[in-house]
Amino acid sequence: MGKIGTTELLIVLAIVLVIFGPKALPKLGRSLGKTLGSFRKGMKEDADDEEEEETVVVKKKKVVEEEEEDA
């Protein structure tokens with residue numbers, strides 16, 4: 001359980017086509033694509049922020065260690 005087969009996917013797509021109609025499907029596809037794009041962009045920015053935070057912490061740690069060695 002958990003995997004979607006070809007038959008299940010076709011049934012879901014047929015139901016979506018019946019509910020929304022053929023004219024609305026391109027709009028739905030575009031909005032879904034934009035949503036996924038912004039989600040991926042947000043995830044990438046979050047990962048970049050975490051890397052920057054880790055770099056800052058490592059640099060601060062080195063400065064503290066150097067100060068302790070000088071004292």
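What percentage of the 71 residues in the protein do buried residues make up? In this predicted model, buried residues account for 1% of the 71 residues, where a residue is called buried when its relative accessible area is under 20%. The overall dimensions can be read alongside that figure: the radius of gyration of the protein is 24 Å, whereas a compact globule of 71 residues would have one near 11 Å. Along its principal axes, the C-alpha trace spans about 75 × 30 × 10 Å. The protein exposes about 6900 Å² in total, and carbon and sulfur atoms supply 62% of that area.

The secondary structure consists of 2 helices, with 0 strands. Helix H1 covers residues 6-20 and helix H2 covers residues 25-70, and these are the elements that each give two or more residues to a nonpolar patch. That patch lies on the surface, has an area of about 620 Å², and is made by Ile-11, Ile-15, Leu-17, Ile-19, Phe-20, Leu-25 and Leu-28. Its largest share, 5 residues, comes from H1. Leu-17, one of the residues that make the patch, is found in helix H1, and because its relative accessibility is 38%, Leu-17 counts as partly exposed.

Following helix H2, the reader comes to Phe-39, which is found in that helix. The relative accessibility of Phe-39 is 53%, and therefore this residue counts as exposed, the cut-off for that class being over 50%. Two pairs of positions give a sense of distances along the chain. Phe-39 and Gly-29, which are 10 residues apart in sequence, are 15 Å apart in space from C-alpha to C-alpha. For Glu-50 and Pro-26, which are 24 residues apart along the chain, the C-alpha atoms are separated by 36 Å.

Glu-50 also leads to the charged part of the surface. Together with Glu-45, Asp-46, Asp-48, Asp-49, Glu-51, Glu-52, Glu-53 and Glu-54, Glu-50 belongs to a patch of negative charge on the surface. The place of Glu-50 is in helix H2, and since its relative accessibility is 43%, Glu-50 counts as partly exposed; partly exposed here refers to values between the limits of 20% and 50%.

Which charges does the protein carry in total, and how far apart do the centres of the two sets lie? There are 12 positive and 16 negative side chains, and the centre of the positive set lies 19 Å from the centre of the negative set.

Taken together, the model shows 2 helices, a nonpolar surface patch to which both H1 and H2 give two or more residues, and a surface patch of negative charge that includes Glu-50, in a protein where buried residues make up 1% of the 71 residues.

How values were computed. Residues are numbered from 1 along each chain as its sequence is written. This is a predicted model: local features need pLDDT of at least 70, side-chain atom pairs count only at pLDDT 80 or more; totals for chains, interfaces and linings use all residues. Side-chain values use heavy atoms; hydrogens and water are left out. Patches are made of residues with over 30% relative accessible area and no salt bridge: like charges are joined within 9 Å, nonpolar side chains (Val, Leu, Ile, Met, Phe, Trp, Tyr) within 5 Å. Accessible areas come from the Shrake-Rupley method with a 1.4 Å probe; for residues, only the protein chains shown count as cover. A salt bridge is a side-chain nitrogen of Lys or Arg within 4 Å of a carboxyl oxygen of Asp or Glu. Helices (H or I, at least four residues) and strands (E, at least two) are DSSP runs, numbered from the N terminus. Buried means under 20% relative accessible area, exposed over 50%, partly exposed in between (1.4 Å probe, protein chains only). The radius of gyration is taken over C-alpha atoms; the globule rule is 2.2 Å times the number of residues to the power 0.38. Lys and Arg count as positive and Asp and Glu as negative; His and the chain ends are not counted. The place of a charge is taken as NZ of Lys, CZ of Arg, CG of Asp or CD of Glu.
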